[in-house]
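Work through the exercises below with the coordinates open. Each one has a stepwise solution.

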Amino acid sequence: MPFLNSVLDQFGKKYGSSPAVRNFPVNPPLLEQVTGDSREVVPGSVFCCVRGEKRDGLDFAAAAVEKGACAILTDREIPFPVPQLLTTDVRRDMGRLASIVYGCPSSRMKMFAVTGTNGKSTTTWMIRHILQSLGIRTGLFGTIVYNDGAVEKDAGRTTPESYEIQRSLASMVKNGCGACVMEASSHGLSLGRLEGCSFDGAVFTNLSEEHLDYHKTLDEYFQAKSRLFSQYMKDGWHGASNMDDLHGRMLLSAFPGKLIPFGLGENSAEGVRGSILSATPSGNEFSVRLPGRQKDLKVFLPLPGRFNVYNALGSIAILQPFVENPERTAAALRTMPQVPGRLERYYLSSGVCVIIDFAHTPAALGNVLSELRNMCAGRLFAVFGHGGERFQPNRHSLGMTAARLCDRIIVTMDNPRSEDPGDIADQICEGIRSSEREPETEIILDRKAAIRRALDEARAGDVVAVTGKGPEKYLIIGNQTIPYSDRETVLDWVQERGLTWE
């Protein structure tokens, strides 16, 4: 690990200037780690005083010093006799500092990021699967799990804090990873969690209304996503953007020559253009026209859904400059495994198909239910709710979307947080009632009971879609986080009924 003076010298060379230092010691300390969590502090730590929405990191500085912090990154001087690194932006410099302390790990791997509203998780898993099929050990950050090339753990948030990212990137390098794929969330980009990272390639999937409780406007939300391409790319970077999405085209215009367009149909004729040949519940077969290649690439993807073809096209487009033989990409996609909680399907011996999906926005729910409507020989059930303290207008839209496509709807809870789950359900039902097509609807707030009710009623040929939580293993009710899993609820019911699944 480096000494403080060396880190500050590198910081200044890389970013033009470094934080001002108070109480600089005669013998500069050796920096062991960077953290914004005082509970993690050990001797040799730099503790970063981040101002959060509810807590101020400065309140924990004394505890950090007592535990052995050898330096404090802060935007205000504090009365402690330890080196203080003064900055106007702690969040920004925390990631930059951590990157240098951990050896600039993003410069030692191929780095790929995926941003957009829907499809981030599946696209990152596809890119990682392709790279690993080529023999490149690949780390992962995303909504579902983090993987440093040796250890996999459940994700706490889509994009971790910057010091956590840099620490994990260093572990990836140590564990022999040649690449890393990361979901870049709008919150992560707005809060500077990607500081210290630089990417070789990035994909933009699409944009629809989400997180407007945080970003306020769709344009502000889009600008947050755009920061990935304007602030965090390496020299000579390549990107890919969805030509069939309005904001994808805006991004293509903003970065001419840097982004490869991809999509279905003639809109993407100058980029990576896909044509679906067949679509079944077992997957999609499609052809891909690649720039500079006369012969179309034939691909079979064992994941259903038109939107998964878009995810595959984005993966193919971003890896085109890095994979010499596209046939190897096609071969990898043929063995693509299911992504947890992303159109995760269970065919029951009773003839019922159960789908678990993370869809929690109107656009995502519409995509999933539209695909299932086409596959469904019988009735289409939907079991879903909406998160508390989230963009409330989506509740009405979720109800209208489900009513347009489903035969039976059971409205339930989905992380109500501090809100009344009954009020959230009523707002969804208002959307259902406003639809011209009003299916049979029931409110069952107990999520486990709601799923079991749908499974009890479903018959051979029916499809039961359980959406909103995907692979999450908890429910947030008030201030409590309660262990819970849609998958476990479904499979427990299957076992109780003496059924099997595949």
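The exercises cover a helix pair, salt bridges and a surface patch in this predicted model.

**Exercise 1.** Classify the crossing of helix α4 and helix α10.

Solution.
- Locate the helices: α4 spans residues 120-133 and α10 spans residues 306-319.
- Their axes come within 9 Å and cross at roughly 50 degrees.
- Angles under 35 degrees would count as roughly parallel, and 65 to 115 as roughly perpendicular.
- Therefore α4 is oblique to α10.
- The crossing is right-handed.

**Exercise 2.** Describe the salt bridge between E161 and R193, and say whether each residue is buried or exposed.

Solution.
- The N to O distance is 3.9 Å, and the cut-off is 4 Å.
- E161 sits in the loop between β9 and α5, while R193 sits in the loop between α6 and β11.
- The two are 32 residues apart.
- Buried means under 20% relative accessible area.
- E161 has 12%, so E161 is buried.
- R193 has 9%, so R193 is buried too.

**Exercise 3.** Find what R497 pairs with, and place both partners.

Solution.
- R497 meets D456 in a salt bridge, 2.7 Å from N to O.
- R497 lies in the segment after α16 and D456 in helix α15, so the bridge ties together parts 41 residues apart in sequence.
- R497 is partly exposed at 38% relative accessibility.
- D456 is partly exposed as well, at 36%.

**Exercise 4.** Which residues form a nonpolar surface patch with M1?

Solution.
- The partners are F3 and L30.
- Together the three have about 290 Å² of accessible area.
- M1 precedes α1 and is exposed, at 53% relative accessible area.

Notes: Residues numbered from 1 in each chain as written. Predicted model: local features only at pLDDT ≥ 70, side-chain atom pairs only at ≥ 80, totals over all residues. Heavy atoms only, no water. Patch = residues over 30% accessible without salt bridge, like charges linked within 9 Å, V, L, I, M, F, W, Y side chains within 5 Å. Areas by Shrake-Rupley, 256 points an atom, 1.4 Å probe, with all protein chains shown as cover. Salt bridge = Lys/Arg side-chain N within 4 Å of Asp/Glu carboxyl O. Helix = DSSP H or I, 4+ residues; strand = E, 2+ residues; numbered from the N terminus. Buried < 20%, exposed > 50% of the residue type's maximum accessible area, 1.4 Å probe, protein only. Axes fitted to C-alpha atoms, helices over the stretch in contact; angles between N-to-C directions. Parallel < 35°, antiparallel > 145°, perpendicular 65-115°, else oblique. Left-handed = near helix turned anticlockwise from the far one by under 90°.
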